[in-house]
2 protein chains.
Amino acid sequence: MPDQSIPQARTPEAPAAEPVPGAQGISRRALLGTAGATGLALGAAGGAVGYAAAPARATALSSVGADRVMFHGKHQPGITEGLQARGHLVAFDLAAGAGRKEAAALLRRWSATAQRLMAGEAAPHDDTDVARDAGPSSLTLTFGFGHSFFGRTGLEKQRPGALDPLPDFSSDRLDKARSDGDLWVQIGANDALVAFHALRAIQKDAGSAARVRWQMNGFNRSPGATAHPMTARNLMGQIDGTRNPKPADADFDQRIFVPASGEPAWMANGSYAVVRRIRMLLDDWEQLSLSAQEQVIGRRKADGAPLSGGDETTPMDLDKADARGEYVVPANAHARITRPDRNGGAAMLRRPFSFHDGIDADGTPDAGLLFICWQADPLRGFVPVQRKLDRGDALSKFIRHESSGLFAVPGGAAKGEYVGQRLLEG
Amino acid sequence: MPDQSIPQARTPEAPAAEPVPGAQGISRRALLGTAGATGLALGAAGGAVGYAAAPARATALSSVGADRVMFHGKHQPGITEGLQARGHLVAFDLAAGAGRKEAAALLRRWSATAQRLMAGEAAPHDDTDVARDAGPSSLTLTFGFGHSFFGRTGLEKQRPGALDPLPDFSSDRLDKARSDGDLWVQIGANDALVAFHALRAIQKDAGSAARVRWQMNGFNRSPGATAHPMTARNLMGQIDGTRNPKPADADFDQRIFVPASGEPAWMANGSYAVVRRIRMLLDDWEQLSLSAQEQVIGRRKADGAPLSGGDETTPMDLDKADARGEYVVPANAHARITRPDRNGGAAMLRRPFSFHDGIDADGTPDAGLLFICWQADPLRGFVPVQRKLDRGDALSKFIRHESSGLFAVPGGAAKGEYVGQRLLEG
């Protein structure tokens, strides 16, 4: 590629064993905090094309492009970082004839691409230049394995029990073609072109080894659009994620990540992602009065405070009753049912994107939430909460689960390693 | 709506005659400059919920949310402002039985909504709260009338000749269901939730008077993602808009806007928008080598400089030949064919969004450009350039025009007026 000062091309099969310049192991993963505390990526480390090399603590607003998340680490990126403005979810199925060897080569290519793009560098080969001029913009790429992956690669014995199919929920209306998949990639960034660029690179890397099974686009608020940048509202207008576990919680790691000594060994420091495309029936929802909406949720729409009083972070008083003796937070309110201390202590971390794929022929919006939750064990995280919701959540009339996936997301790659190597070469 | 400090509800039919608090006529429309000069919205004027009221010159990065574009003005907003990170295009058809009276009431509602949302305030009635906590985020709403509008409202005599259907181009592959429409609304903002919120409000305002005909989503780079925030790359990786006319050009207004004395009188200070969904055949495009791509475009991909030398803003030397006597900028290069001084002097202003609506079943991306161009006269702007492109543009193999619309966008509303009032009550 003449005329371009991008790094040397690397053949798809070559290992990314040597450290890439600029990709120092400075772990500066900002931690998710939708309650407004700690959510933004901190500072701008070096390595991005055209950006200062000195690590510096900068405000979020001056570093939208330069903000960088490290590829290497104990955990994969894209789990505890703050919400990103743009996201792509994509599932792949291995091609006929592709097995463990091809999967290993693919994960090696993907890891090399992720490492470079997250550093703001060009893709290892045939970069499209779509992200050129931009910094990494907090780009993250996260890779996971679905239930079907293990049979196709002869690795059944390595399949975690936690990947057993989720139970059926009576309210599910799942489109199988947009559910599951051998491999799952989550892409997030604070710039839409950076995210799209990564999606193209990942798809190109797949080559003849895997084909796209489904792909979805999502978004969150832009950095700087609010005075409280991490106030995450969903498309119902509701503040979302208030009761997410906080990284500062003593048991955060235990709830979200498989322990270093966990089973199977290749999932050490990994996590399980449940992915649901949850359509919001906004025309119905928006016909409710504000107070009716608040009864459905159990929280005030304006500030997310529980109906029992206080502010967003005040614990909900489930027993508080009004003059007539009725619960102030109704028995079927969404926030009551999902309340962490009645569900094993919030054993999942929700980190969603909103989606909007246009307006259907009947005028209804094809919009809602790309619900993504992270947990050490889906049977203690997503499943018990969803079971309760399935039985009597006031919100269920206004949403529809349209697709579902469950993926084993291994721990982060060490230097010289690729994601999933401990599984594929174990 | 208890518990909320949003302004009083206003019934859909009530005129927004009185000035809305905070919506002062401070015209601070930043001017489009994709070459990097003047593109960003300047400063943050008052009026947005929770933001400082004092007009202040602020950097783009510190004012993503607070940046505000004025609704009232000589021209409608959304034409000369800098590119926005998120956009929605939506066309409506009037409902059966709806005529001039219903259209006038609808434009009155839309104008009231646009005025309030662009000031960062809640919608006039039943606000969804989706944009709550955010500033206006440079939101703009722009309204236009299609050819079919005039027949349905008995206003044929007011229909501009400039709305005559565009000629057929041999390369068109138009989906009629996603083309044209009685009414067109362009929504842009630097925050996706703010833009979505506006789309919902506009659709709700339509009520039973009009139904959505088609709707498309687009995006541009996030503010702050690049050191040169207005360097607009499209999804081919190409710098786009280099040769756009600049507001500082002496003949800018003349080329882009209908004169105050123009015909028909209701279009004074208006403009005509050509809207094309241009799909990019990225799998084919990305198989070209860098130099082959540059031959197709006639500019260097890295920096947008013409192949004849210089930098992005250097005039292209069309006659320059190489040692073999061949044009350095090939005869069928896109940038040669579209070169303004061979096409009546760039009589159109391009202000696009990229789009990406997922990946088709065969693995190809449904992505490209929501091409929007503005001109005083489509027969001097879009049409002659597109005719030339249709005959021999090297780029045509890599793109596909999938839908088309042409809309008459009246001048901006004066205080107490609604958009289109001079047509509908003329």
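Buried area is the accessible area, taken with a 1.4 Å probe, that two parts lose on being put together, summed over both. The size of an interface is often given in this way, as the accessible area lost when the parts come together. In this predicted model, the area buried between chain B and chain A is about 4900 Å², and carbon and sulfur atoms give 52% of that area.

The model is predicted, so local features need pLDDT of at least 70 and side-chain atom pairs count only at pLDDT 80 or more, whereas totals for chains, interfaces and linings use all residues. Residues are numbered from 1 along each chain as its sequence is written, chains are lettered from A and ligands numbered from 1 in the order in which they are written, and side-chain values use heavy atoms, with hydrogens and water left out.

**The interface between chains B and A**

Contact means heavy atoms within 4.5 Å; by this criterion 62 residues of chain B touch 62 residues of chain A. Between the two chains there are 10 salt bridges, each being a side-chain nitrogen of Lys or Arg within 4 Å of a carboxyl oxygen of Asp or Glu. One of them links Glu286(B) to Arg200(A), with the closest N and O atoms 2.8 Å apart. In addition, 30 residue pairs, both members at pLDDT 80 or more, are in polar contact across the two chains. A polar contact is a pair of N or O atoms within 3.5 Å; within protein, one must be able to donate a hydrogen and the other to accept it, and residues adjacent in sequence count only if both atoms are side-chain atoms.

Several elements of chain B each supply at least two residues to the side that touches chain A, among them strand E1 (86-94), helix H3 (192-206) and strand E8 (365-375). Helices (H or I, at least four residues) and strands (E, at least two) are DSSP runs, numbered from the N terminus. H3(B) gives the most to this side, with 7 residues. The residues on this side of chain B comprise 25 nonpolar, 21 polar and 16 charged. Here Ala, Val, Leu, Ile, Met, Phe, Trp, Tyr, Cys and Pro count as nonpolar, Asp, Glu, Lys and Arg as charged, and the others, Gly among them, as polar.

**Enclosed strands and their pairing**

Buried means under 20% relative accessible area, exposed over 50%, and partly exposed in between (1.4 Å probe, protein chains only). In chain B, 7 of the 7 residues of strand E2 (residues 140-146) are buried, so E2(B) is largely enclosed by the rest of the structure. Both faces of E2(B) are covered, with Leu141(B), Phe143(B) and Phe145(B) on one of them. In chain A, strand E4 (residues 210-219) has 8 of its 10 residues buried and is therefore largely enclosed as well. Two strands pair if DSSP finds at least two bridges between them.

| Strand pair | Sense and bridges | Facing residues |
|---|---|---|
| E2(B) and E3(B) | antiparallel, 6 bridges | Phe145(B) and Leu183(B) |
| E2(B) and E9(B) | antiparallel, 2 bridges | Phe145(B) and Ala408(B) |
| E1(A) and E4(A) | antiparallel, 9 bridges | Leu94(A) and Ala210(A) |

**Chain A and Ser111(A)**

Chain A has 9 helices and 9 strands, and 63% of its 426 residues count as buried. Ser111(A) lies in helix H1 (residues 100-118) of chain A and counts as buried at 2% relative accessibility. The side chain of Ser111(A) reaches the backbone nitrogen of Val419(A) at 2.9 Å. Leaving aside neighbours within four places in sequence, Ser111(A) is in contact with Phe71(A), Tyr418(A) and Val419(A).
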